[in-house]
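Here is a short tour for someone meeting this structure for the first time. Have a look at the model, and then we'll walk through it piece by piece.

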Amino acid sequence: MNAQHPAPDLALIRFDTKIAVVLREDLEPWQRLNVTAFLVSGLGTTVPEVIGEPYEDADGTPYLPMFRQPVLVFEATKDTLKAAHSRAVSRSLPCSVFTSDLFATGNDRDNRAAVRAVGAAELDVVGVAVYGAKNPVDRVIKGSRMHP
């Protein structure tokens, strides 16, 4: 490769942390995408170390920074997802939640009000994102499986 396009470092980068999203298995495809996007959107502001450096193409066009590590997406039954949510909260891991009520709202204010109106144990969780050290996150998402 030339100086403008140096050879990529082929060393595998391993992370001691994990970003995991768990979705309820009965969601429609458009819902899975929408819920995933919403769930991960708060991580960068709350846990800034998950964000890498800004991107730039060969023409110098700047692009926004993205996560510095993969986001692993899983699916689970309603009961497994409820347990994952409970474990994430009880372990005080950074997490976000998406409930079925949010499909009927159209803005952030109403989304927050819908979540605030229901106790944690009664939330109809359709998705949760969690960040932390690998082992605690693995314990939180236990019983879920990789999204197909």
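## Buried or exposed?

A residue is called buried when its relative accessible area is under 20%, exposed when that area is over 50%, and partly exposed in between. Keep in mind that this is a predicted model.

Let's try those words out on Ala117, which sits in the loop between α4 (108–116) and β6. Its relative accessibility is 65%, so Ala117 counts as exposed. Ala117 and Pro94 are 23 residues apart in sequence, and their C-alpha atoms are 21 Å apart in space.

For a buried example, go to Gln69, in the loop between β3 (62–63) and β4. Gln69 has a relative accessible area of 6%, so this residue is buried. Its side chain makes a polar contact of 2.9 Å with the side chain of Thr17. Leaving out residues up to four places away in sequence, Gln69 touches Phe15, Thr17, Lys18, Ile19 and Tyr131.

## Helix α1

Helix α1 runs over residues 29–41, which makes 13 residues. From first C-alpha to last, α1 reaches 19 Å, close to the 18 Å expected at 1.5 Å a residue. Which residues of α1 are buried? They are Gln31, Arg32, Val35, Thr36, Leu39 and Val40. These cover an arc of only 140° around the axis, so they sit on the same side of α1.

Turn to the other side of α1 and you'll find Trp30, Leu33 and Ser41 exposed. As for what covers the buried residues of α1, the list includes β1 (17–24), α2 (43–46), β4 (71–76), β5 (95–99) and β6 (125–133).

## Helix α3

Now for helix α3, residues 78–90. This helix has 13 residues and reaches 18 Å from its first C-alpha to its last, close to the expected 18 Å. Its buried residues are Leu81, Ala84, His85 and Ala88. Why do they line one face of the helix? Seen down the axis of α3, they fall within an arc of 100°, so one face holds them. As a general point, an α-helix has 3.6 residues a turn, so residues three or four places apart point the same way.

Asp79 and Ser90 are exposed on the face of α3 turned away from its buried side. The cover over the buried residues of α3 includes β1, β4, β5, β6 and α5 (134–140). After α3 comes Ser92, with a positive phi near 55°.

## Nonpolar cores

What about the inside? The largest nonpolar core has 15 residues, and those with the most contacts inside it are Ala20, Val22, Val130, Val140 and Ile141. At least two residues of this core come from each of β1, β4, α3, β6 and α5. Apart from this core lies another, of 11 residues, among them Val35, Leu102, Val126 and Ala129.

Take Ala20 for a closer look: not counting residues up to four places away in sequence, Ala20 touches Leu72, Phe74, Val128, Ala129, Val130, Val137 and Ile141.

## Aromatic rings

How many aromatic pairs turn up in a search of the whole structure? There are 3. One of them joins Phe98 and Phe103, with 5.2 Å from centre to centre and 50° between the planes, a tilted pair. Phe98, at 4% relative accessibility, counts as buried, while Phe103, at 27%, counts as partly exposed. Both belong to one aromatic cluster with Trp30 and Phe38.

Definitions and conventions: Residues numbered from 1 in each chain as written. Predicted model: local features only at pLDDT ≥ 70, side-chain atom pairs only at ≥ 80, totals over all residues. Heavy atoms only, no water. Helix = DSSP H or I, 4+ residues; strand = E, 2+ residues; numbered from the N terminus. Expected span 1.5 Å × (residues − 1). Buried < 20%, exposed > 50% of the residue type's maximum accessible area, 1.4 Å probe, protein only. Arc of directions from axis to C-beta. Contact = heavy atoms within 4.5 Å. Phe/Tyr/Trp six-rings, centres within 6.5 Å; stacked < 30°, edge-to-face > 60°. Polar contact = N/O pair within 3.5 Å; in protein donor to acceptor, adjacent residues only side chain to side chain. Core = buried A, V, L, I, M, F, W, Y, C linked by side-chain atoms within 4.5 Å.
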